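Here's a quick tour of one protein model, with a stop at a helix pair and at a couple of residues tucked into the fold. Have a look at the chain first, then read on.

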Amino acid sequence: MIRLGIVSPCYNEHDVLAQSASRLTALFNDLIAKGKITKDSFVLFVNDGSQDDTWEIISSLYATNPIVNGLNLAHNVGHQYALMAGMMNAKDRCDGVVTVDCDLQDDITAIEKMIDLYEAGNDIVYGVKVSREGDSLMKRCSAQTFYRLQSSMGVNAVYNHADFRFMSRRALEALSQYPERNLYLRGMIPTIGFRTATVDDTISERTAGKSKYTLSKMLRLASDGITSFSSQPMTIVLVLGVLMLVVALGMGVYVLVSLLTGHYVPGWSSLMLSMWFIGAVITIGIGICGAYIGKMYIEVKHRPLYIVADQLLHD
């Protein structure tokens with residue numbers, strides 16, 4: 001048997017928190033009865049600066065449910081940082097951690113198989129989505145596009161995997177040695193190494209409330225996932241620059257031939273088109289370089305990833 005910790009980040013989860021705690025409690029009771037986990041296993045809800053009564057609900061659950069623990073961050077830091085806060089808090093108090101979003105759209109019954117694969121010698125077990133029927137059409141399409149884009153950019157990430165995973169204490173200790181401030185766990189964790197495995201994860205519909213991953217947050221995560229692990233965008237800008245040079249030489253040859261043959265037609269269309277094209281590519285190039293410089297700026301400041309305001313932990 002192992003002592004299991006489940007880490008679940010929460011942001012304005014008033015509508016689903018109590019139900020999620022109930023489902024996780026039932027799961028724990030089942031796993032304890034099967035001899036998979038110890039009785040002192042726990043769930044750690046991480047309140048990521050919620051603006052509703054999420055922390056009050058966690059405090060109430062802590063007072064009545066012995067498996068529920070709580071971590072209250074001083075302000076909203078974002079999903080990836082809340083996950084890191086929970087994992088780092090839990091790593092010394094358990095043999096392994098499962099991370100799962102508070103809405104429990106992931107298939108939590110797969111946790112039992114994750115434990116079995118850990119017992120078989122795997123330090124990291126990824127939940128890989130085999131069905132996304134519970135997601136909206138926009139989210140399904142954008143996610144698939146993003147995974148393919150990541151792969152084309154050379155990012156070493158597990159296809160169709162989000163943040164539903166098991167990590168052993170050894171893997172968590174290795175993750176704690178990563179000093180970077182620009183967190184993209186889906187790209188960082190595969191670089192740890194160790195033996196890994198996967199389980200099927202069927203996404204279900206959210207029972208209440210709404211997803212906190214807005215389009216802008218998904219785009220920001222996608223940007224972090226690429227710029228934190230790949231320099232391909234800068235290479236693309238270089239290639240575009242070379243193509244622009246070829247086009248400019250071609251236009252120069254065309255103008256020269258037109259002048260020599262007397263077929264030159266003066267006009268501003270080609271000139272304006274060229275100016276706008278060149279200006280757009282230069283602006284994009286500056287923007288991409290600026291994104292990398294901005295990340296370096298954040299890294300060199302070495303500010304803390306998160307600050308814990310309160311914690312409720314059972315012995």
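Strands here are DSSP runs of E with at least two residues, and they're numbered from the N terminus. With that in hand, Thr 99 is easy to place: it sits in strand 4, which covers residues 96-99. Keep in mind that this is a predicted model.

**The whole chain**

Zooming out for a moment, the protein chain has 10 helices and 8 strands. It runs to 315 residues, and 45% of them count as buried. How do the contacts spread along the sequence? Taking contacts between residues at least 6 apart in sequence, 83% join residues at least 24 apart.

**Two buried residues**

Is Thr 99 buried or exposed? Its relative accessibility is 1%, and buried means under 20%, so Thr 99 counts as buried. Its side chain has a polar atom 2.7 Å from the backbone oxygen of Asp 163. Asp 163 also turns up in the list of contacts that Thr 99 makes beyond four places in sequence, along with Val 7, Leu 83, Met 87, Phe 164 and Arg 165.

Ala 90 belongs to helix 3, residues 79-90. Its relative accessible area is 0%, so Ala 90 is buried too. Outside its neighbours within four places in sequence, Ala 90 touches Val 7, Phe 42, Leu 44 and Val 97. So Val 7 is a contact of Thr 99 and of Ala 90. There's also a long hop in sequence to mention: Ala 90 and Leu 313 are 223 residues apart along the chain, with their C-alpha atoms separated by 10.0 Å.

Here are the two residues in brief:

| Residue | Element | Relative accessible area |
|---|---|---|
| Thr 99 | strand 4 (residues 96-99) | 1% |
| Ala 90 | helix 3 (residues 79-90) | 0% |

**A helix pair**

Now for some helix packing. Helix 1 (residues 17-33) packs against helix 4 (residues 111-119) at an angle of about 40°, and their axes are 11 Å apart. Because of that angle, helix 1 is oblique to helix 4. Which way does the crossing of helix 1 and helix 4 turn, left-handed or right-handed? The crossing is right-handed. On the helix 1 side, the contact is made by Leu 27, Asp 30 and Leu 31, while helix 4 brings in Ile 111, Glu 112 and Ile 115. Sorted by class, that contact has 4 nonpolar and 2 charged residues, with no polar ones.

Notes
Residues are numbered from 1 along each chain as its sequence is written. This is a predicted model: local features need pLDDT of at least 70, side-chain atom pairs count only at pLDDT 80 or more; totals for chains, interfaces and linings use all residues. Side-chain values use heavy atoms; hydrogens and water are left out. Axes are lines fitted to C-alpha atoms, for helices over the stretch in contact, and angles run from 0 to 180 degrees between N-to-C directions. Helices (H or I, at least four residues) and strands (E, at least two) are DSSP runs, numbered from the N terminus. Angles under 35 degrees count as roughly parallel, over 145 as roughly antiparallel, 65 to 115 as roughly perpendicular and the rest as oblique. A crossing is left-handed if the near helix is turned anticlockwise from the far one by less than a right angle, and right-handed if clockwise. Contact means heavy atoms within 4.5 Å. Ala, Val, Leu, Ile, Met, Phe, Trp, Tyr, Cys and Pro count as nonpolar, Asp, Glu, Lys and Arg as charged, and the others, Gly among them, as polar. Buried means under 20% relative accessible area, exposed over 50%, partly exposed in between (1.4 Å probe, protein chains only). A polar contact is a pair of N or O atoms within 3.5 Å; within protein, one must be able to donate a hydrogen and the other to accept it, and residues adjacent in sequence count only if both atoms are side-chain atoms.
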